[in-house]
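Grab a pencil and open the viewer. Below are some short exercises, each followed by a worked solution. Try each one before reading on.

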Amino acid sequence: MLNQNGHADGNGTSTSPRTMTSEPKRRTAPPRPSRAWLFWLLLIIGLVVLGCVVFFVLMRHQAEESKVADNTKQMSTPTVLVTKPKIGPAEVHIVLPGTVSAELESSVYAQVSGYIKDWKFDIGSKVKAGDILADIDTPVTDQSLLQAGESVKLAQANLALAQVTAARYNDLLKTNAVSQQDVDNFNAQEKVQEATVSAAKAFESGIQRTEAFKQVRAPFDGVITARRVDVGDFVSATGQTATTASGPTGASQTGTPTQELFRIAQTKILRTYVNVPEQYAAETRPGVKASVVLASAPGDPLTGTIVRTADSIDPASLTLLTEVDIDNSDGKHLPGGYAQVHFDILTAHPPLVIPGNALIFRQAGPQVGTVDQDGTVHLKKIAIGRDLGTSLEITDGLTADDQVIINPSDSLGDGQKVNVTTNEKKAQ
């Protein structure tokens with residue numbers, strides 16, 4: 001029997017009220033694993049993804065800010081249009097102004113004072129050397145010549161008296177009738193009178209030579225280009241003072257010590273004087289041909305030749321004075337005018353050529369703006385050769401590798417940063 005607790009009693013009998021049956025034994029389920037690690041894993045993955053998103057957003061924002069800053073900086077930096085200088089041709093054609101003068105040109109002055117009696121030639125007249133241009137009436141000089149002649153006669157008479165007296169005393173000395181001192185005195189007086197005669201004759205000869213200038217003569221073959229006196233005008237010898245009336249081709253002159261009566265020019269050869277810039281001085285040598293266009297004959301260029309140069313650079317103008325001679329045997333062309341002289345010079349140092357709108361002209365003189373490799377502006381002082389209108393020849397201050405700024409702004413300064421382009425639209 002089973003006791004109350006369901007166990008068998010000591011007799012081996014069951015004391016359980018329940019009937020003993022055969023039932024299967026129930027198994028207990030194993031414990032479920034914890035899900036905390038999954039939560040933390042998902043949390044970590046989420047944080048990583050969120051961090052990547054935030055990092056991406058921040059980087060994108062920073063890139064946008066950097067791009068905006070770069071664009072702002074680029075927009076604030078001016079863009080300039082640049083070009084490189086071109087090398088000019090080795091054979092340079094230059095045109096220079098010149099003045100035309102006669103081969104010989106001289107002013108004719110009076111060498112004796114008097115009044116113009118008459119004149120023989122007017123302006124434009126061709127004369128030969130020695131031709132009489134005018135006659136001068138010289139009453140004062142005529143009177144001086146007469147006086148000089150009488151002075152010669154007086155001196156000769158005194159000489160004759162001195163000679164007779166000296167001879168007589170020399171004879172008396174032989175008989176001891178006079179002293180030696182008296183004889184010496186009269187011999188000396190004879191010598192003095194001889195010198196007086198010589199001086200009087202020399203003075204007379206000088207007056208006679210002056211009288212020869214009563215006839216004003218042409219010094220060489222040529223043409224009369226000016227007549228500044230008329231009949232009745234008083235003229236004075238060079239170095240004296242005179243008052244003259246105005247002639248038909250000259251103004252009134254008062255108190256001038258050197259009055260020009262005529263001007264005569266020889267025009268068989270015309271001399272053209274031109275100032276050649278220093279950079280072409282080495283190639284400007286006698287024998288070089290030139291084409292000369294006179295203002296009076298623009299359609300008739302003349303061939304000239306360099307005959308001489310000053311062989312020295314003028315420090316004021318930095319030019320070489322050059323003479324170009326033109327044959328004018330036919331007398332067709334006139335001196336005294338303006339000419340354009342054309343040279344074709346082969347130079348060993350061709351100039352650089354830049355656009356004319358690259359020039360900057362400020363207080364420092366002509367300059368151009370250049371840009372180096374890092375975009376920095378440098379203002380360079382230049383020397384200009386020829387102005388070709390739309391372009392300029394530069395003889396100093398630039399190299400062929402310089403980047404020259406075209407159309408520089410007034411505010412462009414040395415050391416300024418710029419953007420460089422060769423596209424005109426981008427520069428604008």
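**Exercise 1. Around strand 16**

Which residue stands opposite A339 in strand 16? Find it, then work out how strand 16 is paired and which of its residues are covered.

*Solution.* Keep in mind that you're looking at a predicted model.

Step 1. Click on A339 in strand 16 and look across: the residue standing opposite is L294.

Step 2. Now widen the view. Strand 13 (residues 289-294) pairs with strand 16 in the antiparallel sense, over four bridges.

Step 3. Strand 3 (residues 91-109) also runs antiparallel to strand 16, and nine bridges join the two. As an example, T99 has Y338 of strand 16 as its bridge partner.

Step 4. Next, the two faces. In a regular strand the side chains alternate between the two faces of the sheet. Strand 16 (residues 338-346) has A339, V341, F343 and I345 on its covered face, while Y338, Q340, H342, D344 and L346 make up the uncovered one.

**Exercise 2. How far can you trust it?**

Which element of the chain has the lowest mean pLDDT, and which the highest? Look at the chain as a whole before you pick out elements.

*Solution.*

Step 1. For the chain, the mean pLDDT is 82, and 83% of the residues reach 70 or more.

Step 2. Among the elements, strand 10 (residues 242-243) comes out lowest with a mean of 40, and strand 15 (residues 319-327) highest with 94.

Step 3. Check the stretches with low values. Residues 1-22 have pLDDT below 50, and this stretch has 23 contacts in the model beyond near neighbours in sequence. Residues 240-257 also stay under 50, with 42 contacts beyond four places in sequence.

Step 4. What do you do with that? Where pLDDT is low, the predicted coordinates should not be read in detail.

**Exercise 3. Checking a helix**

What span should helix 3 have, and how far apart are its end C-alpha atoms? Then list its buried residues and say what they pack against.

*Solution.*

Step 1. Helix 3 covers residues 180-212, which is 33 residues; at 1.5 Å a residue, it should span 48 Å.

Step 2. Its end C-alpha atoms are 49 Å apart, which agrees with the expected span.

Step 3. The buried residues of helix 3 are V183, E190, Q193, V197, A200, E204, I207 and E211.

Step 4. Those buried residues pack against helix 2 (139-174). When you look at the spacing, remember that an α-helix has 3.6 residues a turn, so residues three or four places apart point the same way.

**Exercise 4. An arginine and a proline**

Is R227 buried or exposed? Say what its side chain touches, then compare notes on P301.

*Solution.*

Step 1. R227 is in strand 8 (residues 222-227). Its relative accessibility is 4%, so R227 counts as buried, the cut-off being under 20%.

Step 2. The side chain of R227 makes a polar contact with the side chain of D122, at 3.0 Å. A polar atom of the R227 side chain also lies 2.6 Å from the backbone oxygen of V229.

Step 3. On to P301, which you'll find in strand 14 (residues 297-314). P301 has a relative accessible area of 46%, so it is partly exposed.

Step 4. Leaving out residues up to four places away in sequence, P301 touches S291, V292 and V293. P301 and S291 are 10 residues apart in sequence, with 6.3 Å between their C-alpha atoms.

**Exercise 5. Two open sheets**

Which strands stand at the edges of the sheet with the order 7-6-4-9? Do the sheet 2-17-22-21 as well.

*Solution.*

Step 1. The sheet 7-6-4-9 is open, with four strands and antiparallel pairing. Strand 7 (215-217) and strand 9 (234-235) are at the edges; each has a single partner strand, so one side of each lacks a neighbour in the sheet.

Step 2. Strand 6 (residues 132-137) pairs antiparallel with strand 7 over three bridges, and D135 stands opposite Q215 in strand 7.

Step 3. The sheet 2-17-22-21 is also open and antiparallel, with four strands. Strand 2 (86-87) and strand 21 (383-387) are its edge strands, each pairing on one side only.

Step 4. Strand 2 meets strand 17 (residues 352-355) in antiparallel pairing over two bridges, with I87 opposite L352.

Technical notes. Residues numbered from 1 in each chain as written. Predicted model: local features only at pLDDT ≥ 70, side-chain atom pairs only at ≥ 80, totals over all residues. Heavy atoms only, no water. Expected span 1.5 Å × (residues − 1). Buried < 20%, exposed > 50% of the residue type's maximum accessible area, 1.4 Å probe, protein only. Contact = heavy atoms within 4.5 Å. Polar contact = N/O pair within 3.5 Å; in protein donor to acceptor, adjacent residues only side chain to side chain. Pairing = 2+ DSSP bridges. pLDDT = per-residue confidence, 0-100.
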